[in-house]
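Q: I'm new to this one and would like a close look at a single part: the big chain's packed interior and what sits around it. Could you walk me through it?

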Amino acid sequence: MRGLPTVLREIARGAGITARHFFVNMTFHTLRLFGVKTKRRGAVTIQYPEERKALAARHRSLHRLRPREDGAPACVACMLCVTVCPSECLRVEAAEVDDPEVQKVPARFVVDLNRCCFCGFCVEACPVDAIRMDTGEIRLASPTRAGLEVRLDRT
Amino acid sequence: MFVDVAIVLAKVVLTLTWTLLLALFLTWVERKESAVLQDRIGANRASFLGLRLFGLFQPFADAIKMLFKEDFAPAFSQRFLHWLAPTLSFFFVAVTMVAVPFGDSVRLFGRDIPLQVVDLNAALLFVLAMLSLGIYGILVGGWASANRFALIGSLRGAAQLISYEVALGLSLVGLVMVFPSLRLSQLVDYQGGLLFGFLPKWGVFLQPLGFAVFFLAGMAETKRVPFDMPEGESEIIGFYTEYGGLKFGLFMFTDFLEVIVLSALATTLFFGGWQVPWLGAGGFVFPWGGGLDLAPWAVTLLRVLSFNLKVLFFCWLQILTRWTYPRFRYDQVMDLGWKVLVPLGAANILVTGLVLAAR
């Protein structure tokens, strides 16, 4: 019984905190419902598919192959990314071209998202800065496994 | 004779519809209120013809979901009792609403129709008795499930409800001493007077301690968090471990119905029922002089509205409580019941008796 005043005070304080949150949030909800613009919102929720939070600048999302000036991928099929990849998720088939500056291009460049761990080593390893993970595409679900094998040389 | 039966039937249907609708939307209120006080948004995706309306269709979506679930009963369960338990639970809670007065009375076609299904002469005892019988739903459910966790939950529930039944009864003795009646309509009538010429003579002003004990014990009776020993979602799942689909839905619905019943009782017994402060049969009469004449229909409307608003306030308060406080441990629940609420209830009777004798 000695702690009773403390207990009662804390009980009242707890109810006060939740009630304050309720009324403050309800005020902002109501204001926004009637079209009043307020700096604060009634909730911190981001309603995902409709509302998006801006991704961080260095966020690693779906891969892409940076194009050359003529539109073909900048990749020279050196296989460094395939070598460095810890998940073994990249498959590159090389093909020859006549241009002596390039010599090789990928005939197929497939990233298997079933295996990819989004470590970004391929981006670091690329000597010609051809592969990047900056598409901002994070909805990478598919009903089939084949749907997750993405061909990067064809967009 | 026939008209009387028709009137009673209409009142039963209206009361039941009102209560069930309120309970249905209380599930939505609970989700939304908890969301708002946790800075979230809450269920708002259920839509009908592209219309979302803040998720107001969520209860119907839930009901449809439960309706289409498998009606499952475990192999060793006692089928009939397993089916009976949620029904019992629901019935004993829903039936208490017949004794609650929703308003004074309306004059329709030359008849005075009190807005109350039956004006029992021992309504207070009836309500307490029915709330006690609600234990059977829990006990039978836990027993019939043939599951040890369900049985533990139901035994805990029985222990808790019986403990708090004592405190609940004691807290109301003081009220009956002040307003000498067990008839709920008369209790509300008594609360229409004024204290010291300005304060409405509500039970809570005459019996503040009685109200505190009543409301705490009542919340324990609803067996929701912080008093969720029978359920114990985080430890034993409780007496409805083996229930699914609509049978579980009925148990859950009963929980919300209990919240409404407790709110209605708190309103009727301690907050003047349908009384509006300073509103008489002819209109407002303010204690600082002056007044406002109102037509009889407006008075009735205000009174019914007042009752409903008070009930909604108490529902809100209970949901706030449920989402504010952590659960009690089992021994803490028992301590609070037997060592705090029961002595306080007894002390309340003593003090009320002394004050009444000294007056």
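A: Let's start with a yardstick: the radius of gyration is taken over C-alpha atoms, and the rule for a globule is 2.2 Å times the number of residues to the power 0.38. Keep in mind that this is a predicted model. For the 359 residues of chain B, the rule puts a compact globule near 21 Å, and chain B has 21 Å, so the two agree. Its C-alpha atoms fill a box of roughly 70 × 55 × 50 Å along the principal axes. Inside that box, the secondary structure of chain B comes to 12 helices and 7 strands. Buried residues make up 42% of the chain's 359 residues. As for how the chain meets itself, take the contacts between residues at least 6 apart in sequence: 77% of them join residues at least 24 apart.

Now for the interior. The largest nonpolar core has 75 residues. The ones with the most contacts inside this core are Ala167(B), Phe214(B), Ala217(B), Leu257(B), Ile260(B), Val261(B) and Ala266(B). Which helix gives the most to this core? That is helix α10 of chain B, residues 245–270, with 13 residues. To see what one core residue meets, pick Leu257(B): leaving out residues up to four places away in sequence, Leu257(B) touches Thr19(B), Ala23(B), Val93(B) and Ala94(B). Apart from the largest core lies another one, of 16 residues, and among them are Cys89(A), Phe109(A), Ile131(A) and Leu152(A).

Just before α10 there's a detail worth finding on your screen. Pro226(B) lies in the loop between α9 (208–221) and α10 of chain B. A cis peptide bond joins Val225(B) and Pro226(B), with omega at about 0 degrees. For background, most peptide bonds are trans.

From Pro226(B) you can hop to Leu37(B): the two are 189 residues apart along the chain, while their C-alpha atoms are separated by 17 Å. Leu37(B) lies in helix α1 of chain B, residues 2–37. Is Leu37(B) buried or exposed? The cut-off for buried is 20 or more other C-beta atoms within 10 Å, and Leu37(B) has 22, so it counts as buried. Setting aside neighbours within four places in sequence, Leu37(B) is in contact with Leu320(B) and Trp323(B) in its own chain, and with Thr18(A), His21(A) and Phe22(A) in chain A.

That brings us to the other chain. The contact between the chains takes 11 residues from chain A and 10 residues from chain B. On the chain A side, the residues touching chain B are 6 nonpolar and 5 polar, with no charged ones. Chain A itself is divided into domain 1 (1–45) and domain 2 (64–151). Taken over C-alpha atoms, the centres of these two domains are 51 Å apart.

Chain A also has a couple of backbone oddities. Gln103(A), in the loop between β2 (90–96) and β3 (104–112) of chain A, has a positive phi of about 65 degrees although it is not a glycine. Gln103(A) is partly exposed, because 13 other C-beta atoms lie within 10 Å. Phe118(A) is found in the loop between β3 and α3 (121–125) of chain A, and its phi is also positive, near 55 degrees. Phe118(A) has 16 C-beta neighbours inside 10 Å, so it counts as partly exposed.

Back in chain B, finish with the strands. Strand β1 (residues 105–108) and strand β2 (residues 111–114) of chain B run antiparallel and are joined by 4 bridges. One partnership to look for is Arg107(B) with Asp112(B) in β2(B). The two strands form a hairpin with 2 residues between them, and Phe109(B) in the turn has a positive phi of about 50 degrees. Further along, 3 strands of chain B form an open sheet in the order β5-β6-β7, with antiparallel pairing. Its edge strands are β5 (279–280) and β7 (291–293), each pairing on one side only. Between β5(B) and β6 of chain B (residues 283–285) there are 2 bridges, and Leu279(B) stands opposite Phe284(B) in β6(B).

Definitions and conventions. Residues are numbered from 1 along each chain as its sequence is written. Chains are lettered from A and ligands numbered from 1 in the order in which they are written. This is a predicted model: local features need pLDDT of at least 70, side-chain atom pairs count only at pLDDT 80 or more; totals for chains, interfaces and linings use all residues. A residue is buried if 20 or more other C-beta atoms lie within 10 Å of its own, exposed if 12 or fewer, and partly exposed in between; C-beta atoms are placed from the backbone. Two residues are in contact if their C-beta atoms, placed from the backbone, lie within 7 Å. Ala, Val, Leu, Ile, Met, Phe, Trp, Tyr, Cys and Pro count as nonpolar, Asp, Glu, Lys and Arg as charged, and the others, Gly among them, as polar. Domain bounds come from an automatic or database domain assignment. A nonpolar core is a set of buried Ala, Val, Leu, Ile, Met, Phe, Trp, Tyr and Cys residues joined through C-beta atoms within 7 Å. Two strands pair if DSSP finds at least two bridges between them.
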